[in-house]
Amino acid sequence: MRRLLNTIYVTNENMYLALDGENLVCRLDNETVLRVPFDNIESIVCFNYVGCSPALMGKCVKKLIPINFISPQGKFLAKVCGETKGNVFLRVQQIDKFREHGLQLTQNTMAAKLSNTRKVIKRTLHDNPDLREDEEIKNTLAVLTDGIYKVYNASSIEEVVGIEGNCAQNYFAVFNKLLTNRDIPFTFELRSKRPPLDPVNAALSFVYTLATSEYASALETVGLDSYIGFFHSLRSGRTSLASDLVEEARCIAERFTLTLFNLQILGENDFEKQVSGAVWLNDTGRKKVLTRWQERKRKDMVHPVLKQKIPAGLLPYVQSNLLAKYVRGDIDEYPPFLQK
């Protein structure tokens, strides 16, 4: 159980929440392990199946403290709340803020993405000194660095997206070199999405989808509309804001995918090829990815803004909370995630 930005995150699947006077109490095996006064709580996010007492839910409704229930895998399940606590107004503010500051948000997000992409490559170079003098990789790093400067000189969102597209093309041109295990029985040639045409693209797409789903769930818990983004165009059924925020965290998905192949956790038998040429993870492959993804989410990381250790799985919730504070005017600027 953690408290971040006045939100209580219950990350232990076996925790039970109950009411004790003016306090929220957290119990494990019928023993109270934490007690928090309600005056210090803005919202509660539960990643547990045990749940909480009806008395606590009634108290939270009375105090206008929403309780969000998320599955341990990160899927939004339900929200318990009383009279709307500003969510309508928050969404109006969201639209106004994104219209007024959409370019600045896009610039900061894309600059963070390009910086984080450089870190993915640098991590591989650190572990594989023989790649440090590779001219193609050195050129890609230079393109990414130049892209960061160009992003801040752009005069429109469309121009920023174009710069990011050129950087992504250069990045994925060397992505195969980041697959350093020579026993891998297949290669990566270019990024293919709809559909993925090789096992690496299939795994990337699947992990990207997992991450985007988690950001959509996180945005729901803070009252933001995940379908209204600041640079991904509006499209029926697409969580555009989740797609926006996940851009700065794609480095995590990419590093994770590279690890799955370099450690040979995924192999030829984990994929199936369709007649159309599309390649997808099969049931066994999906189970392997999901198991490792859940393990990774439990590992601690130091959040670059909060300077606190948090489970990696809470990153979407922290970033969504920071964005909500920016939209409400509690902070002057939304700080995108920067990989350290």
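A residue is called buried when its relative accessible area is under 20%, exposed when over 50%, and partly exposed in between (1.4 Å probe, protein chains only). The model examined here is predicted, so local features need pLDDT of at least 70 and side-chain atom pairs count only at pLDDT 80 or more, while totals for chains, interfaces and linings use all residues. Residues are numbered from 1 along each chain as its sequence is written, and side-chain values use heavy atoms, with hydrogens and water left out.

Rings of Phe, Tyr and Trp (its six-membered ring) were paired if their centres lie within 6.5 Å, with planes under 30 degrees apart taken as stacked, over 60 as edge-to-face and the rest as tilted. This rule yields 11 aromatic pairs. One of them joins F186 and F261 in an edge-to-face arrangement, at 5.6 Å centre to centre and 90° between the planes. Because F186 lies in the loop between helix 4 (157-173) and helix 5 (199-222) and F261 in helix 7 (residues 250-262), this pair ties together parts 75 residues apart in sequence; helices (H or I, at least four residues) and strands (E, at least two) are DSSP runs, numbered from the N terminus. F186 is buried at 14% relative accessible area, and F261 is likewise buried at 1%.

F261 also pairs with F271, and this pair is stacked, since the ring centres are 6.2 Å apart and the planes at 10°. F271, in strand 9 (residues 271-273), is buried too, at 11% relative accessibility.

Elsewhere, Y171, F172, F175 and F188 make up one aromatic cluster.
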